[in-house]
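Colleague: I should be grateful for a close look at one part of this structure, followed by an account of how that part relates to its surroundings.

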Amino acid sequence: MPEGPSLVILKELAQPFAGRTIAAAHGNSKVVPYDELPGQPILSLRTWGKHFLIELPLFTLRIHFLMFGSYRIDERKENSPERLGLAFEEGGELNFYTCAIQLIEGDLDQAYEWHADVMADAWKPAAALKKLRAMPDTLVCDALLDQTIFSGVGNIIKNEVLFRLKIHPASTVGALPATKLRELVKQARQYSFEFLEWKKAFVLKQHWLAHTKRICPRCNIALHKAHLGKTRRRTFWCERCQKRYGPVL
DNA sequence: CTAAATGTTAAGCC
DNA sequence: GGGCTTAACATTTA
């Protein structure tokens, strides 16, 4: 479920619920004040990267699906209790499972840097570039997963963007030529939107070139697989066509 | 059947 | 306090 484009799909599917008023709420979250929810209308439904935001008059519910989270609209899962279930006066229900929920008090514009979300209209590539230039020793495989720079980018997008740009995942940010760094920022968004279209068409996996793959589709040699960087996330790359910039650490 | 994974956060340690 | 490691969460698929 995670990664920014999947959240955009949820936001679009849930958009008809904006403006509806909560009639009943239940679930097994420890932080949600279920008693306070009935009577509150949804002011907006938004996303920031991998966060799904339900803005209410008194606070905002921040839902993060982590690895295994899921949701159902106007139906429920059979064998799983709701972490949060919302029923509405106008009809319909939103149900969320195995997700991490937080309450956000106060102004959302204060809480979120909207321009850091690669899926957002407000996305500012110049801001991402500036942050990258301030961390020259960081590996690119870690930088792409940094949610303060590329909010919404996940491990699949990371592997595919680096393969597409022919950048070795263990390259350091500071060693990338200026044009390559700009391409990295551009592709983080570009690939995420292609991911969105493929996901909507249920053809995402067949477009993977590196992620979970064993053979390089460009070179026909074996891909490498390791848990690289400080993030120690699964990384797939080709030693032949992905150029390593910077020192071998 | 077991392991590993589209992710984040908190606790513990040096 | 910083920076690192580990664990916890908990579902689905290979």
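Which residues are buried in H1?

Modeller: The model is predicted, and what follows should be read with that in mind. In H1, the buried residues are Gly4, Pro5, Ser6, Leu7, Val8, Ile9, Leu10 and Ala14. Helix H1 is thus mostly covered, since eight of its 11 residues are buried, where buried means a relative accessible area under 20%.

The next matter is what covers this helix. The buried residues of H1 pack against several strands, namely strand S2 (44-48), strand S3 (51-55), S5 and strand S7 (93-97). They also pack against two helices, H5 and H6. Three of these partners, H6, S5 and H5, may now be taken in turn.

Helix H6 comprises residues 178-200, which makes 23 residues. At 1.5 Å a residue, a helix of this number of residues should span 33 Å, and the end C-alpha atoms of H6 are 34 Å apart, which agrees. There is nevertheless a kink of about 30° in H6, and this kink is centred on Gln187. After the helix comes Phe202, whose phi is positive, near 60°.

The buried residues of H6 are Lys180, Leu181, Leu184, Val185, Gln187, Ala188, Tyr191, Ser192, Phe195, Leu196 and Trp198. A general point helps in reading such a list. An α-helix has 3.6 residues a turn, so residues three or four places apart point the same way. The residue at the centre of the kink, Gln187, is itself among the buried residues of H6. The partners of these buried residues include H1 (4-14) once more, together with helix H3 (125-133), helix H4 (140-143) and H5.

One residue of H6 illustrates this packing. Leu184 is placed in helix H6 and counts as buried because its relative accessibility is 0%. Leaving aside residues up to four places away in sequence, Leu184 touches Val140, Leu144, Val161, Leu162, Leu165, Ile167 and Leu176. By contrast with these contacts, the C-alpha atoms of Leu184 and Ile42 are separated by 36 Å, and the two residues lie 142 residues apart along the chain.

Strand S5, another partner of H1, consists of residues 70-73 and contains Ser70. With a relative accessible area of 12%, Ser70 is buried. Ser70 touches Phe65, Lys77, Asn95, Phe96, Tyr97 and Thr98, again without counting residues up to four places away in sequence. The side chains of Ser70 and Lys77 are also joined by a polar contact of 3.2 Å.

Lys77 leads from the protein to the DNA. A polar side-chain atom of Lys77 lies 3.0 Å from a phosphate oxygen of DNA strand C. This strand is surrounded by Phe68, Lys77, Arg83, Thr98 and Lys230. Of the atoms of DNA strand C that come within 4 Å of the protein, sugar and phosphate account for 69%. Arg83 offers a further example, as an N or O atom in its side chain is 3.3 Å from a phosphate oxygen of the strand. By class, the surface near DNA strand C has one nonpolar, one polar and three charged residues.

Helix H5 (155-164) leads to the other DNA strand. Together with strand S4 (60-64) and strand S10 (233-237), H5 is an element that supplies at least two residues of the surface near DNA strand B. There are 17 residues around DNA strand B, and Lys50, Gly154, His211, Arg233 and Arg234 come nearest. Six of the residues of this surface are nonpolar, six are polar and five are charged.

Three side chains place an N or O atom beside a phosphate oxygen of DNA strand B. For Arg234 the distance is 2.6 Å, for Lys50 a polar side-chain atom lies 2.9 Å away, and for Asn155 the distance is 3.1 Å. Of the atoms of DNA strand B within 4 Å of the protein, 68% belong to sugar or phosphate, and the rest belong to bases.

Returning to the starting point, H1 has eight buried residues among its 11. Its buried residues pack against S5 and H5, among other elements. Strand S5 contains Ser70, which makes a polar contact with Lys77, and H5 supplies at least two residues of the surface near DNA strand B.

Methods:
Residues are numbered from 1 along each chain as its sequence is written. Chains are lettered from A and ligands numbered from 1 in the order in which they are written. This is a predicted model: local features need pLDDT of at least 70, side-chain atom pairs count only at pLDDT 80 or more; totals for chains, interfaces and linings use all residues. Side-chain values use heavy atoms; hydrogens and water are left out. A residue is near a molecule or strand if one of its heavy atoms lies within 4 Å of it. A polar contact is a pair of N or O atoms within 3.5 Å; within protein, one must be able to donate a hydrogen and the other to accept it, and residues adjacent in sequence count only if both atoms are side-chain atoms. Helices (H or I, at least four residues) and strands (E, at least two) are DSSP runs, numbered from the N terminus. Ala, Val, Leu, Ile, Met, Phe, Trp, Tyr, Cys and Pro count as nonpolar, Asp, Glu, Lys and Arg as charged, and the others, Gly among them, as polar. The expected span of a helix is 1.5 Å times one less than its number of residues. The bend at a residue is the angle between axes fitted to the seven residues ending there and the seven starting there. Buried means under 20% relative accessible area, exposed over 50%, partly exposed in between (1.4 Å probe, protein chains only). Contact means heavy atoms within 4.5 Å.
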